[in-house]
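Open your viewer and get ready to click through the selections below. We will begin with one residue, widen to the whole chain, and finish in the core.

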Amino acid sequence: MPKQDTTDFSPPCHECGGRCCRYIAIGIDPPKNQTALHNIRWYLLHANVSVFVDHEKGWFVEFTTPCEAQDRKSRCTLYETRPKICRDYGTAPGDCEYYANPYAMRFEKLEKFDAWIEQKKRKQV
Ligand code: SF4
Ligand code: SF4
């Protein structure tokens, strides 16, 4: 299949309200032992902290906190000097949360994560 030309593509940020400017997400290792599971349980005991898995099976801890460079109309006031991660985001058609749910799994509360751990244990029996 020919590669799609994305040279002139820009995401529809003017319609979106800056959804990707309201949090930071840091990649974490998938939890493969008790310590890692308990670390995630600890993250989820904090306000405005979530953990999610994306559609490529990457695990992330997310801090819901608006970027201070966003103005009241959700526009970037640092557009020319915005960080690279902002420049690289949404640069292909469909490649940001404006288009689709980016989460394969999302945990906002400890109870939901504990239920997932229990479900995993039952599957292993
Ligand atoms: S989620 Fe996509 S469309 Fe919305 S502000 Fe971010 S890059 Fe733009
Ligand atoms: S620097 Fe601009 S594009 Fe990047 S998160 Fe902040 S408001 Fe959004």
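Select asparagine 48 first: is it buried or exposed? Asparagine 48 is exposed, with a relative accessible area of 53%, where buried means under 20%, exposed over 50% and partly exposed in between (1.4 Å probe, protein chains only). You will find asparagine 48 in the loop between α2 and β2. Check its backbone too: phi is positive, about 65 degrees, although asparagine 48 is not a glycine.

Before going on, a word on what you are viewing. This is a predicted model, in which local features need pLDDT of at least 70, side-chain atom pairs count only at pLDDT 80 or more, and totals for chains, interfaces and linings use all residues. Residues are numbered from 1 along each chain as its sequence is written, chains are lettered from A and ligands numbered from 1 in the order in which they are written, and side-chain values use heavy atoms, leaving out hydrogens and water.

Next, jump to serine 74, in the loop between β3 and α3 (84–88). Serine 74 also has a positive phi, near 65 degrees, in a residue other than glycine. Its relative accessible area is 26%, so serine 74 is partly exposed.

Now zoom out and switch to cartoon. You should see 4 helices and 4 strands, in the order α-β-α-β-β-α-β-α along the sequence; these are DSSP runs numbered from the N terminus, with helices (H or I) of at least four residues and strands (E) of at least two. The C-alpha atoms fill a box of roughly 50 × 40 × 20 Å along the principal axes. Buried residues make up 25% of the 125 residues.

For the interior, select Ile40, Val51, Trp59, Phe107, Phe113 and Trp116, which touch the most other members of the 13-residue largest nonpolar core. Such a core is a set of buried Ala, Val, Leu, Ile, Met, Phe, Trp, Tyr and Cys residues joined through side-chain atoms within 4.5 Å. Two or more residues each come from α2 (34–44), β2 (49–54), β3 (59–64) and α4 (110–124).

Stay on isoleucine 40 and show its contacts (heavy atoms within 4.5 Å). Not counting residues up to four places away in sequence, isoleucine 40 touches Ile28, Pro31, Val51, Trp59 and Phe113.

Last stop: glycine 58, in the loop between β2 and β3. Leaving aside neighbours within four places in sequence, glycine 58 is in contact with Phe52 and Val53. Draw a C-alpha to C-alpha distance from glycine 58 to isoleucine 40: they are 14 Å apart in space and 18 residues apart in sequence.
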